[in-house]
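Student: Please take one part of this model and go through it slowly, saying what it packs against and how it is placed. I would rather have one connected account than a list.

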Amino acid sequence: MVRVAGGTYIRPLERDPVARTVAAFHLDRRQVTNAEYLAFVRENPQWQRSKVNSLFADDGYLRHWQDDVTLGPTAPPDAPVTNVSWFAARAYLRAFGKRLPSTDEWEFAARASAEKQDATKDPAFKQTILTWYSRPTPRVLPAVTTGVANIYGVQGLHGLVWEWTRDFNSALATGESRADGSPDSALFCGGAGLNTNNATEYADFMRFALRSSLRGNYCLPNLGFRGARQSNLDPTP
């Protein structure tokens, strides 16, 4: 893990933007890989593909693996694991004393380029992200080590896969999050509307729109995860 110094930032696209304070935290250098997740499901068979509870993962769960405990040709060991639900990602990280990063933590770290802690005003940085978003997800993902590192040393926040956050649908309010009374409603808060008037913020909008469309049991071929810890609880990387 690497330490990301805290600070304040403006969450992208908020209609009434206010400075948010992000405490220092540790973030995994890279996404969790297929090999790492395979070791987890071997130790925790309730999370194997044929045994997982459908409440916690939909039919897409680990569908690119050959079977419960075989990766196969479309899931290289060193590629980021995808087709995992929010519940599955949370269970994996809890086994290692970690958690998913909050949306604020992820966005705070992801605004950094290789040279700047805040590259959000850099047109080239934004264009790089948009170019990636415009490409189809490859059938076989590259290794997590191929992800470009930002100034903190965190690799692949942009360019490999999308990533789960702890409060993934906190950006856009939905009827379901306000009134469905489901067990998940206490975990995922519906927030205020977004300001989408600025075309230069389209990359930010795409991330927030995707998150708002998700449910905790969704499994997508371009959605993975990495772990986080609060710095004051874990003083060493």
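Tutor: Axes here are lines fitted to C-alpha atoms, for helices over the stretch in contact, and angles run from 0 to 180 degrees between N-to-C directions. The model is predicted, with local features needing pLDDT of at least 70 and side-chain atom pairs pLDDT 80 or more, while totals for chains, interfaces and linings use all residues. Residues are numbered from 1 along each chain as its sequence is written, and side-chain values use heavy atoms, with hydrogens and water left out.

Let us take helix α3, residues 103-110 (helices, H or I of at least four residues, and strands, E of at least two, are DSSP runs numbered from the N terminus). Its packing partner is helix α6, residues 202-213, and the two axes lie 13 Å apart at an angle of about 155 degrees. The two helices are therefore roughly antiparallel to each other (angles over 145 degrees count as such, those under 35 as roughly parallel, 65 to 115 as roughly perpendicular and the rest as oblique). Their crossing is right-handed, a word used when the near helix is turned clockwise from the far one by less than a right angle. On the α3 side the contact involves Thr103, Trp106 and Glu107, and on the α6 side Arg207, Phe208 and Arg211 (contact means heavy atoms within 4.5 Å). By character, the residues of this contact comprise three charged, two nonpolar and one polar, where Asp, Glu, Lys and Arg are charged, Ala, Val, Leu, Ile, Met, Phe, Trp, Tyr, Cys and Pro nonpolar, and the others, Gly among them, polar.

Helix α3 also lies across β1, β4 and β7, running at about 70 degrees to β4. These three strands form an open sheet in the order β1-β4-β7, with antiparallel pairing (two strands pair if DSSP finds at least two bridges between them). The edges are β1 (2-4) and β7 (228-230), each of which pairs on one side only. On average, and ignoring direction, neighbouring strands of the sheet are turned by 30 degrees against each other. Between β1 and β4 (residues 25-27) the antiparallel pairing runs over three bridges, and within β4 it is Phe25 that stands opposite Val4.

How enclosed is the helix? Eight of the eight residues of α3 are buried, so α3 is largely enclosed by the rest of the structure (buried means under 20% relative accessible area, exposed over 50%, partly exposed in between, with a 1.4 Å probe and protein chains only). The buried set consists of Thr103, Asp104, Glu105, Trp106, Glu107, Phe108, Ala109 and Ala110. Thr103, Trp106 and Glu107, already met in the contact with α6, thus appear again among the buried residues.

From β4 the chain can be followed a little further. Thr33 is found in the loop between β4 and α1 (34-43), and this threonine is buried, with a relative accessible area of 6%. Leaving aside neighbours within four places in sequence, Thr33 is in contact with Pro77, Asp78, Ala79, Pro80, Val81 and Val144. The axis of α1, in turn, comes within 11 Å of that of helix α2 (residues 86-94), and the two cross at roughly 80 degrees, which makes α1 roughly perpendicular to α2. Glu36, Tyr37 and Phe40 of α1 make this contact with Ala88, Ala91 and Tyr92 of α2.
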